[in-house]
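I opened the notebook today to look at one pocket and one helix. My entries follow the structure.

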Amino acid sequence: MRPLLHAEEPTTARLGRFHAKWRTAHEPVAGVSRRMQLVAYAVPLTVLPSSIWRLPAAFDGGLVLGERAYVVFLSILSEVFAFTAIGLIARWGEVFPRWIPVLRGRRVPRKAAVLPAAIGAMILTLLFTLLFIVSEIRGTTIRGGDLSADYPSQASGWEAAWFYFCYAPLTLWGPLLAVLTVAYWKRRSATGKVPAAA
């Protein structure tokens with residue numbers, strides 16, 4: 001029994017160090033309100049249900065390997081993009097992390113963070129908030145075409161309810177990102193100081 005405990009200790013210690021580094025890297029910087037922290041943490045959670053909803057389709061018998069890979073890749077990529085919202089409240093959104101060569105420890109230019117975030121917020125709001133809601137009200141696809149018989153919202157009962165439960169939070173992604181972007185711009189404009197590089 002004793003050797004087994006010693007074998008587990010290095011793993012536990014590594015996980016503890018990883019957890020500490022992760023927490024330090026993603027901790028909110030000074031000046032970020034509790035409300036903005038909650039908004040930032042909510043962004044990845046608004047995307048997660050739709051990503052999970054798509055995954056069973058990747059293992060559907062009717063898809064070829066390339067289509068399966070696309071569905072999995074789309075789900076993972078959506079979460080990665082959603083997670084970047086944390087950078088608008090965390091230190092790595094103001095100072096480049098150590099692992100980035102040449103830029104490490106340097107200040108992130110405000111426009112380098114705000115422009116992609118603002119463009120992303122506009123596109124996401126247009127696609128997932130406005131067009132999704134309008135197309136659902138009109139009963140068409142986002143492009144204005146007729147819905148196919150196998151379109152998820154055309155299903156009945158729990159299948160349609162599950163679709164809306166998973167996709168309704170996605171309508172918040174763009175607006176929440178816009179709120180974070182404005183807060184980031186205001187905070188960075190108000191203070192010329194940024195935390196020192198770790």
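**Pocket and helix H6**

I looked up the second largest pocket and found that about 1000 Å³ of space lies in it. A pocket, on a 1 Å grid over the protein atoms alone, is an open set of points where a 1.4 Å probe fits, with protein on both sides within 12 Å along at least five of seven lines, and lining residues have an atom within 4 Å of a point. The model is predicted, and local features need pLDDT of at least 70 and side-chain atom pairs 80 or more, while totals for chains, interfaces and linings use all residues. Residues are numbered from 1 along each chain, and side-chain values use heavy atoms, without hydrogens and water.

I noted 38 lining residues, of which Gly87, Trp92, Gly93, Pro97 and Trp99 are the closest to the pocket centre. Helices H1 (2-26), H3, H4 and H6 each give two or more residues to this lining, and H4 gives the largest share, eight residues.

I then turned to H6, residues 173-190, whose 18 residues reach 26 Å from first C-alpha to last. Its buried residues (under 20% relative accessible area, 1.4 Å probe, protein chains only) include Trp173, Leu177, Tyr184 and Arg188. Seen down the axis of H6, the buried residues fall within an arc of 155°, so they line one face of the helix. On the face turned away from the buried side I found Lys186 and Ala190, both exposed (over 50%). Helices H2 (34-58), H3 (65-83) and H4 (110-138) are among what covers the buried residues of H6.

Notes: Helices (H or I, at least four residues) and strands (E, at least two) are DSSP runs, numbered from the N terminus. The expected span of a helix is 1.5 Å times one less than its number of residues. The arc is that of the directions from the helix axis to the C-beta atoms. Contact means heavy atoms within 4.5 Å. Grid points are joined across faces, edges and corners, and a volume is the space filled by probe spheres set on the points.
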